[in-house]
Structures are given as structure tokens and as C-alpha cells.
Amino acid sequence: MSTEFKSVGVVGAGVMGAGVAQSLASGGIEVVLVDVAPAALERAMKDVRDGLRLQRMLTKRVVDVDAVLARIRRSTDLEALGAVDFVVENATERWSVKESIYRRLDAIAPAACCFAANTSAIPITRIGALTGRADRVVGMHFMNPVPMKPVVEVIRGFHTSPATLEVAKALLAAIGKEGIVVEDAPGFVSNRVLMLTINEAIFLVHEGVAEAADVDKIFKTCFGHKMGPLETADLIGLDTILLSIEVLHESFADSKYRPCPLLKKMVDAGLHGRKSGRGFYPYA
Ligand code: NAD
């Protein structure tokens with residue numbers, strides 16, 4: 001399998017897709033960014049532009065913003081992925097969405113192309129089974145914000161081949177990231193712990209034990225965390241948190257993963273965190 005990446009498909013142009021596209025394009029790779037929503041594609045380009053400017057400011061390195069943006073081609077149709085070397089899928093954390101994407105993608109992408117699923121909790125083995133190339137399907141759990149996080153969980157599905165793991169790690173190395181290989185279990189390593197922590201922190205607010213800002217302050221000052229669990233929830237997106245904890249609840253059939261009613265209420269009310277302008281905190 002080739003570890004040369006001329007062109008990489010990125011499916012889903014939300015919070016994660018924009019970050020993945022930015023990281024790949026910054027690494028000199030041509031990106032084909034696909035989303036069903038034209039507005040998401042527009043917003044992703046704006047987020048990438050803002051992200052690159054921020055990177056330039058923080059690192060004081062020369063970043064040719066226009067050259068990076070020019071490497072990102074946009075489309076609303078998966079058919080645009082007919083000639084890519086690798087696909088990173090970052091669509092909505094809902095089984096029905098992933099299911100239809102992988103079935104179509106399998107028929108569209110070149111036979112040698114590997115698919116990496118960026119999912120918070122959906123088993124990679126289940127995703128691989130949607131395709132005729134389960135050996136070339138791997139998990140890549142990027143952390144948010146993608147351009148600033150140097151480590152990615154690489155998940156080995158039941159049929160994922162050693163060659164596919166090497167290709168995945170090579171792609172990550174090409175964009176300055178390290179892949180840590182873990183086995184396929186719901187939530188992998190990071191989200192099994194993180195989603196439970198966030199959900200429990202929401203229960204504290206729900207039960208009136210403490211205000212959101214105080215919950216976060218305790219984690220930041222006492223444990224040295226850069227962000228508290230509720231700030232992290234706003235950054236990830238409360239809708240994505242709810243979908244992820246529901247996947248864990250269903251996968252383990254364990255009531256410890258039951259979503260907090262306040263989380264459900266906030267999602268119903270459109271309080272999805274930073275991306276919607278309001279979550280546990282307001283955003284300008
Ligand atoms: P998001 O809601 O910001 O974006 C999802 C995007 O997928 C939307 O733009 C939507 O239009 C698009 N989409 C829906 N159906 C599609 C289809 N059929 N074809 C193409 N695009 C489609 O979500 P996100 O936070 O970017 O999460 C994406 C994935 O990454 C999820 O599986 C999530 O669990 C995972 N993830 C999220 C985070 C995080 O911090 N947000 C971290 C790691 C992994």
C-alpha cells in the first residue's frame with residue numbers, strides 16, 4: 001500500500017472536518033472536502049482561514065494562508081472522491097449517517113484507498129463491515145482543535161490490516177502528528193473516560209451541586225487541567241457529546257452511561273456550545 005498522499009478526501013466539514021482539512025492542506029496535501037451542506041463548506045473555509053491566521057500569530061511562523069486554502073477543493077457530492085489516496089470521514093456521529101456514507105464511498109473510492117473514521121464512540125469494526133474493504137478501514141480519533149493536537153488515537157478494527165495501520169500512521173506523520181494504536185472498544189481510550197466525566201459534570205450542574213464555572217475552576221486549579229469538563233463540552237459540541245454518550249450507553253448496556261436530562265434539554269434548546277454561540281457559557 002502506498003504511503004504517498006497526493007490527494008486526501010475529507011468527508012464532513014463541521015468542527016472536526018475543518019480542522020482535519022486545515023492540517024492536511026498545511027502539510028502540502030491536496031484536500032477534497034465533501035459535505036452535504038453547502039453552508040458547512042463555507043463555514044469550514046472561514047474556520048480554516050481564521051485557524052491559519054491564529055496559528056501564524058501564535059507560532060510566529062510564516063503561513064501562506066492563500067496557498068493552504070487553495071489546496072482545499074470543496075464538493076457536496078461524494079463522487080468527487082473517485083481519485084483520492086485516502087479518506088478521513090468526519091460526518092455527524094449518527095449510525096444512519098455513517099452507514100449511508102460508507103456504503104457509497106466503497107463504490108466510489110479507488111480500490112486501494114483506505115478509509116479512516118473519525119468517530120467519538122462508534123466501533124470501527126461495525127463501520128468496516130459496511131464496506132468490501134474492512135482490512136483498509138481504520139479509526140482515527142482526532143482531538144479538538146485538530147491543528148493544535150499532536151496525538152491521534154488510531155483504532156484497529158477486527159479486520160484492519162497491519163499495512164493499513166502503517167498507512168494511517170504515515171499520513172499522520174506527514175502532518176506532524178503521532179498515531180497511538182489502540183484496540184476497538186466503544187469510546188476507545190479517551191472518550192470512554194472523557195464522555196463519562198463530562199456527563200457526570202453536567203449532572204452536578206443539573207442537581208444544583210455547583211455552577212458550571214465552579215465545576216470547571218475546581219478541575220483547572222486542583223488538577224492542572226487547561227480546560228474544565230464543561231468548557232471542553234462546549235468546545236466539542238453538546239450535540240456530539242449527547243450522540244457519543246448514547247452510543248456508549250447502547251454499546252455497553254450499562255446505566256452509568258445514561259445521558260443527563262440537562263444535556264438532552266440543552267441540545268433540544270439549540271445550545272450546542274461554541275459552534276451555536278451558547279452552551280454552558282455564552283460565545284460572541
Ligand atoms: P459537526 O456536527 O460539527 O459536523 C458534522 C458534519 O457532517 C456537518 O457539517 C454535516 O453537514 C456533515 N454531514 C452530515 N451528513 C453528511 C453526509 N451524508 N455526507 C457528508 N457530510 C455529512 O460534528 P463534528 O464535531 O465535526 O464531529 C464529526 C465526527 O467527529 C463525529 O463522528 C464526532 O463524534 C467525531 N469527533 C468529534 C470531536 C469533537 O470534539 N467535536 C472530537 C473527535 C471526534
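**Figure 1. The second largest pocket of the predicted model, with the residues that line it.** The space in this second largest pocket amounts to about 160 Å³. Its lining is made up of Glu93, Arg94 and Trp95, together with Ile122, Pro123 and Arg126, and, further along the chain, Leu243, Glu246, Val247, Glu250 and Ser251. Helix 10, which spans residues 238-252, supplies the largest share of that lining, namely five residues. By residue class, the lining of the second largest pocket divides into five nonpolar, five charged and one polar.

**Figure 2. A nonpolar patch on the surface, formed by Leu54, Met57, Leu58 and Met148.** Together, the four residues Leu54, Met57, Leu58 and Met148 present about 440 Å² of accessible area. One of them, Leu54, belongs to helix 2, which covers residues 38-59. Leu54 has a relative accessible area of 38% and is therefore classed as partly exposed, the range between 20% and 50%.

**Figure 3. The cis peptide bond between Asn144 and Pro145.** The omega angle of the bond that joins Asn144 and Pro145 is about 0°. Pro145 is placed in the loop that runs between strand 6 (137-141) and strand 7 (151-156).

**Figure 4. Lys60, a residue with a positive phi that is not a glycine.** The phi angle of Lys60 is about 60°, and the residue is found in the loop between helix 2 and helix 3 (65-70). Because its relative accessibility is 71%, above the cut-off of 50%, Lys60 counts as exposed.

**Figure 5. Phe188, a residue other than glycine in which phi is positive.** Phi of Phe188 is near 55°, and Phe188 is found in the loop between strand 8 (178-183) and helix 7 (190-206). With a relative accessibility of 4%, which is under the cut-off of 20%, Phe188 counts as buried, whereas Lys60 of the preceding view counts as exposed.

**Figure 6. Arg49 in helix 2, shown together with Thr76.** Arg49 lies in helix 2, the helix that also holds Leu54 of the nonpolar patch. The relative accessible area of Arg49 is 31%, so this residue is partly exposed. Arg49 and Thr76 are 27 residues apart along the chain, and a distance of 20 Å separates their C-alpha atoms.

Note on methods. Residues are numbered from 1 along each chain as its sequence is written. This is a predicted model: local features need pLDDT of at least 70, side-chain atom pairs count only at pLDDT 80 or more; totals for chains, interfaces and linings use all residues. Side-chain values use heavy atoms; hydrogens and water are left out. On a 1 Å grid over the protein atoms alone, a cavity is a set of points where a 1.4 Å probe fits but cannot get out, and a pocket is an open set with protein on both sides within 12 Å along at least five of seven lines; lining residues have an atom within 4 Å of a point. Grid points are joined across faces, edges and corners, and a volume is the space filled by probe spheres set on the points. Helices (H or I, at least four residues) and strands (E, at least two) are DSSP runs, numbered from the N terminus. Ala, Val, Leu, Ile, Met, Phe, Trp, Tyr, Cys and Pro count as nonpolar, Asp, Glu, Lys and Arg as charged, and the others, Gly among them, as polar. Patches are made of residues with over 30% relative accessible area and no salt bridge: like charges are joined within 9 Å, nonpolar side chains (Val, Leu, Ile, Met, Phe, Trp, Tyr) within 5 Å. Accessible areas come from the Shrake-Rupley method with a 1.4 Å probe; for residues, only the protein chains shown count as cover. A salt bridge is a side-chain nitrogen of Lys or Arg within 4 Å of a carboxyl oxygen of Asp or Glu. Buried means under 20% relative accessible area, exposed over 50%, partly exposed in between (1.4 Å probe, protein chains only).
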